Amino acid sequence: MTFPVPRAPAPTDAALLAGLAEAALAAGVVIRRIEAEGITHRQKSDRSPVTEADHAAEATIFAALSQLMPGVPVVAEEATAAGTEVICGNRFVLVDPLDGTREFISGNGEYTVNIAVVEDGVPVLGVVYAPARALLFAGRPGSAFRAIRAPGARVDAQDWTPIACRKVQDGALVVAESRSHGDPATDALIARYQVAERIPAGSALKFGLIAEGKADFYPRLGPVMEWDSAAGHALVVAAGGSVTRPDGSPLTYGHSEVGYMVHGFVAWGSGGPPEIGSVG
Ligand SMILES: Nc1ncnc2c1ncn2[C@@H]1O[C@H](COP(=O)(O)O)[C@@H](OP(=O)(O)O)[C@H]1O
Ligand SMILES: [Mg+2]
């Protein structure tokens, strides 16, 4: 006689988020080692740069996810670039193993590992990890966190510091913007507001600035890919902010039919865009 093997209970959001953070910290070890050895890069077919670190970090994350979330589809930047097709279904993972490759190559440390869990098109869990800064951001429904963790360090999620977006300040916005991929339409949108400061930064670190209340607005009207924004999107929403398409409609994920391209977004801190009266 055989007995049915009891199915392991599904991990809680908190446990899953800690597991995703562990995967990102492991990818950070690989990335930092390659960075120390000296980076060589080549151009992908879309002319964007890719390094050995992008591929090695992605392989590390795939291995971790196969243990943490067996059977859950994973859409990742380099596998997609290599032609791998994935049926996302109603729950899948989006991975950018090294966001801000340009910044990585330049050596300024403004690059991140991004991992998001998407359910029914909505990013619900997000980890954004900057290995060169030892800076970890993590968000799950209703809670967002920041922690200083060196690559490969223990996760210790119970020590993470809770963070929250600040209320968007009328008439004195702090704007986070891409360091390497600015565009005239985004500049024109920023010019409609009274801006106190503009903070250029590479990668998903800009979502971290919104989530920890150091910036109010991150506009991006140029194209990005779903793996660039999903983890930061989950993080900002977890911290009490919003991320939408530029027209305010919901930004959803899993759009393989358009090659996972996102035609811009706007991220706001708590309370969203300021009242009309404060628009310059
Ligand atoms: N024309 C374009 N089309 C699609 N994505 C683009 C793009 N220009 C920049 N990006 C995305 O912007 C990301 C970098 O963002 P930032 O400018 O905020 O650092 C890149 O991530 P990768 O470095 O992972 O390729 C890339 O995916
Ligand atoms: Mg990216």
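This is a short talk on one predicted model, going from its sheet to the helices packed on it and then to the annotated sites.

I start with the sheet. Seven strands make it up, it is open, and the strand order is 3-4-5-6-7-8-9 with mixed pairing. The edges are strand 3, residues 74–76, and strand 9, residues 161–163; each has a single partner strand, so one side of each is left without a neighbour in the sheet. On average, neighbouring strands are turned by 20° against each other, direction ignored.

At the strand 9 edge, the partner is strand 8, residues 143–148, and the two pair in the antiparallel sense over three bridges. If you want a residue pair to look at there, Arg146 stands opposite Thr161 of strand 9.

Now the helices on the sheet. Helix 7, residues 226–238, packs on the sheet and touches strands 3, 4, 5, 6, 7 and 8. The direction of helix 7 makes about 100° with that of strand 6, which covers residues 122–130.

Helix 2 lies across strand 3, strand 4 and strand 5, and runs at about 150° to strand 4. Helix 2 has 17 residues, 52–68; at 1.5 Å a residue it should span 24 Å, and its end C-alpha atoms are 24 Å apart, which agrees. Which residues of helix 2 are buried? They are Ala53, Asp54, Ala57, Glu58, Thr60, Ile61 and Leu65. Seen down the helix axis, these buried residues fall within an arc of 165°, so they line one face of helix 2. On the other side, Ala63, Ser66 and Gln67 are exposed. Note that Asp54 and Glu58 are in the buried set.

Next, the annotated positions. An unreviewed UniProt entry has a "binding site" annotation covering Asp96, Asp99 and Asp228. The three span 133 residues in sequence, yet no two of their C-alpha atoms are more than 6.6 Å apart, so they gather at one spot. Another "binding site" annotation from the unreviewed entry covers Glu77, Asp96, Leu98, Asp99 and Asp228. Those five are spread over 152 residues of sequence, but the largest C-alpha distance among them is 9.4 Å.

I will take four of these residues in turn, and for contacts I leave aside neighbours within four places in sequence.

Asp96 sits in strand 4, residues 91–99. Asp96 is buried, with 32 other C-beta atoms within 10 Å. The contacts of Asp96 are Glu77, Asn114, Trp227 and Asp228.

Asp99 is also a strand 4 residue. It counts as buried, with 29 C-beta neighbours inside 10 Å. Asp99 is in contact with Tyr111, Thr112, Asn114, Ser203, Ala204 and Asp228.

Asp228 comes from helix 7, the helix that packs on the sheet. With 25 C-beta neighbours inside 10 Å, Asp228 is buried. What does Asp228 contact? Asp96, Asp99 and Ala204.

Glu77 belongs to helix 3, residues 77–81. It has 27 C-beta neighbours inside 10 Å and counts as buried. Glu77 is in contact with Val95, Asp96, Pro97, Met225 and Trp227.

Two more buried positions, away from those annotations. Gly208 is in helix 6, residues 205–211, and with 29 C-beta neighbours inside 10 Å it counts as buried. Gly208 touches Val128 and Phe137, not counting residues up to four places away in sequence. Val128 falls within strand 6 and Phe137 within strand 7, residues 135–140. Gly208 and His233 are 25 residues apart in sequence, and their C-alpha atoms are 9.8 Å apart.

Where is Tyr253? It is in the loop between strand 14, residues 242–244, and strand 15, residues 261–262. Buried or exposed? Tyr253 is buried, with 23 other C-beta atoms within 10 Å. Not counting residues up to four places away in sequence, Tyr253 touches Leu94, Val118, Gly121, Pro123, Glu226 and Ala230. Tyr253 and Val122 are 131 residues apart along the chain, with their C-alpha atoms separated by 6.4 Å.

To close, the point to keep in view is the site: Asp96 and Asp99 from strand 4 and Asp228 from helix 7, which gather at one spot.

Terms used: Residues are numbered from 1 along each chain as its sequence is written. Chains are lettered from A and ligands numbered from 1 in the order in which they are written. This is a predicted model: local features need pLDDT of at least 70, side-chain atom pairs count only at pLDDT 80 or more; totals for chains, interfaces and linings use all residues. The expected span of a helix is 1.5 Å times one less than its number of residues. A residue is buried if 20 or more other C-beta atoms lie within 10 Å of its own, exposed if 12 or fewer, and partly exposed in between; C-beta atoms are placed from the backbone. The arc is that of the directions from the helix axis to the C-beta atoms. UniProt positions are given in the numbering used here, feature names are shortened, and annotations may be inferred rather than shown by experiment. Two residues are in contact if their C-beta atoms, placed from the backbone, lie within 7 Å. Two strands pair if DSSP finds at least two bridges between them. Axes are lines fitted to C-alpha atoms, for helices over the stretch in contact, and angles run from 0 to 180 degrees between N-to-C directions.
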